[in-house]
Amino acid sequence: MNDYIDILFLGDIVGKPGRIIVKDYLDKIKNNEIKYGSDNFEHAKSGNMPDFVIANVENASHGFGLTEKNYNELIQAGIDAFTSGNHIWDRKDVFEYIDNARKLIRPFNYPKSVPGKGYELFKINGASICVINVLGRVFMNPIENPWTLLEEEMPKLKQKSDIIILDFHAEATAEKISYGYFADNLGLSAVIGTHTHVQTADEKILKNGCAYISDAGFCGAAEGVIGMDIDSSLKRLKTSLPERFDVAPIEKTELNGVRIVVNIDTGKSEFIERIKYFKDFSEDNKR
Ligand SMILES: [Fe+2]
Ligand SMILES: [Fe+2]
């Protein structure tokens with residue numbers, strides 16, 4: 001059994017540009033064509049790969065939701081656990097398959113009658129990891145209280161696993177930071193922010209060992225507005241009229257996420273760093 005578990009968390013995957021850059025990145029680190037992470041953590045990795053990959057997939061199918069086909073495609077690409085957010089319901093087929101999609105997690109603080117589940121346990125290197133997803137409430141649609149819910153559920157979660165990774169899907173940075181401290185006091189291993197699609201530079205380990213970043217960023221088209229087509233975003237903002245959003249073209253793409261290293265014995269994180277990778281697929285198309 002390893003003493004540490006190396007986790008890669010990828011921010012919101014947006015449409016096909018997001019899916020292809022994630023596959024490209026995971027293939028390249030697996031084949032040692034590019035380096036995974038830095039050498040800034042003294043305990044060397046067992047290879048050039050994370051032990052476990054989590055990705056937020058609320059926008060993975062054409063920018064809105066996740067089809068079963070894309071869920072299976074992303075498992076094949078190497079993702080072990082899927083978190084989501086407010087957009088997870090945008091593809092209607094999600095209601096058909098979510099209860100059978102073991103690796104897919106929807107925000108925990110929906111009413112109990114909502115399909116799917118808010119957390120899942122995964123086994124890796126002899127350790128168990130609990131991945132949990134929660135929605136924030138500031139500048140978001142009304143939803144059940146994510147604070148009291150986590151407080152109430154923690155004793156049960158801690159019995160199942162010492163390693164608890166939480167995706168806090170929220171808009172307001174102050175709410176995210178506050179939730180980070182709250183979760184650190186409860187003994188979580190990591191709180192990773194998602195939903196804004198813009199990576200923040202505030203990654204840190206909080207005092208009780210919770211790795212934190214306000215937003216992991218996104219994976220998708222680099223020349224776009226948080227992964228979506230520039231013209232339709234401009235038109236909507238200039239005119240205030242409703243405009244159908246499309247995913248930005250697959251040319252220049254970017255992948256954003258974080259690498260977290262958790263001590264298996266304590267469940268505390270000891271290292272966090274941002275991961276960024278760029279790939280220009282228009283060069284490939286010209287060949
Ligand atoms: Fe998103
Ligand atoms: Fe979202």
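This report walks through the metal site, pockets, surface and salt bridges of a predicted model.

## The iron site

Let's begin with the metals. The iron ion (ligand 2) is held at 2.1 to 2.8 Å by Glu58 (OE, listed twice), Asn86 (OD1), His169 (NE2) and His195 (ND1). If you follow these donors along the chain, their spacing reads E-x27-N-x82-H-x25-H.

A second metal sits beside this one: the iron ion (ligand 1) is 3.6 Å from the iron ion (ligand 2), and Glu58 coordinates both. Try finding Glu58 in the loop between β3 (52-56) and α2 (68-77), and then His169 in strand β7 (residues 163-169). These two residues are 111 residues apart, and the pair links distant parts of the chain.

## Two pockets

Rolling a probe the size of a water molecule over the atoms shows where empty space is left. The largest pocket has a volume of about 410 Å³. Its lining has 16 residues, and those nearest the centre are His87, Val225, Ile226, Met228 and Phe245. By type, the lining of the largest pocket splits into six nonpolar, seven polar and three charged residues.

The second largest pocket has a volume of about 210 Å³. It is lined by 14 residues, with Arg106, Phe108, Tyr110, Lys112 and Leu149 closest to its centre. Helix α4 (residues 146-160) gives the most to this lining, with three residues. Here the lining of the second largest pocket divides into five nonpolar, three polar and six charged residues.

## A nonpolar patch outside

Now turn to the surface. Val198, Val225, Ile226, Ile230 and Leu234 make a nonpolar surface patch of about 390 Å². One of them, Val198, is found in the loop between β8 (190-194) and β9 (204-205). You have met two others already: Val225 and Ile226 are also among the residues nearest the centre of the largest pocket.

## Salt bridges

Side chains of opposite charge can pair when their charged atoms come close. How many salt bridges does the structure hold? There are 14 salt bridges.

One example is Arg259 with Asp6, whose closest N and O atoms are 2.9 Å apart. Arg259 belongs to strand β12 (residues 252-263) and Asp6 to strand β1 (residues 4-10), so this pair ties together parts that are 253 residues apart in sequence.

Conventions. Residues numbered from 1 in each chain as written. Chains lettered and ligands numbered in written order. Predicted model: local features only at pLDDT ≥ 70, side-chain atom pairs only at ≥ 80, totals over all residues. Heavy atoms only, no water. Patch = residues over 30% accessible without salt bridge, like charges linked within 9 Å, V, L, I, M, F, W, Y side chains within 5 Å. Areas by Shrake-Rupley, 256 points an atom, 1.4 Å probe, with all protein chains shown as cover. Salt bridge = Lys/Arg side-chain N within 4 Å of Asp/Glu carboxyl O. Helix = DSSP H or I, 4+ residues; strand = E, 2+ residues; numbered from the N terminus. 1 Å grid on protein atoms, 1.4 Å probe; cavity = no way out; pocket = protein on both sides within 12 Å on 5 of 7 lines; lining within 4 Å. Points joined across faces, edges and corners; volume = space filled by probe spheres on them. Nonpolar A, V, L, I, M, F, W, Y, C, P; charged D, E, K, R; others polar. Donors = N, O, S within 2.8 Å, 3.2 Å for Na, K, Ca; no water.
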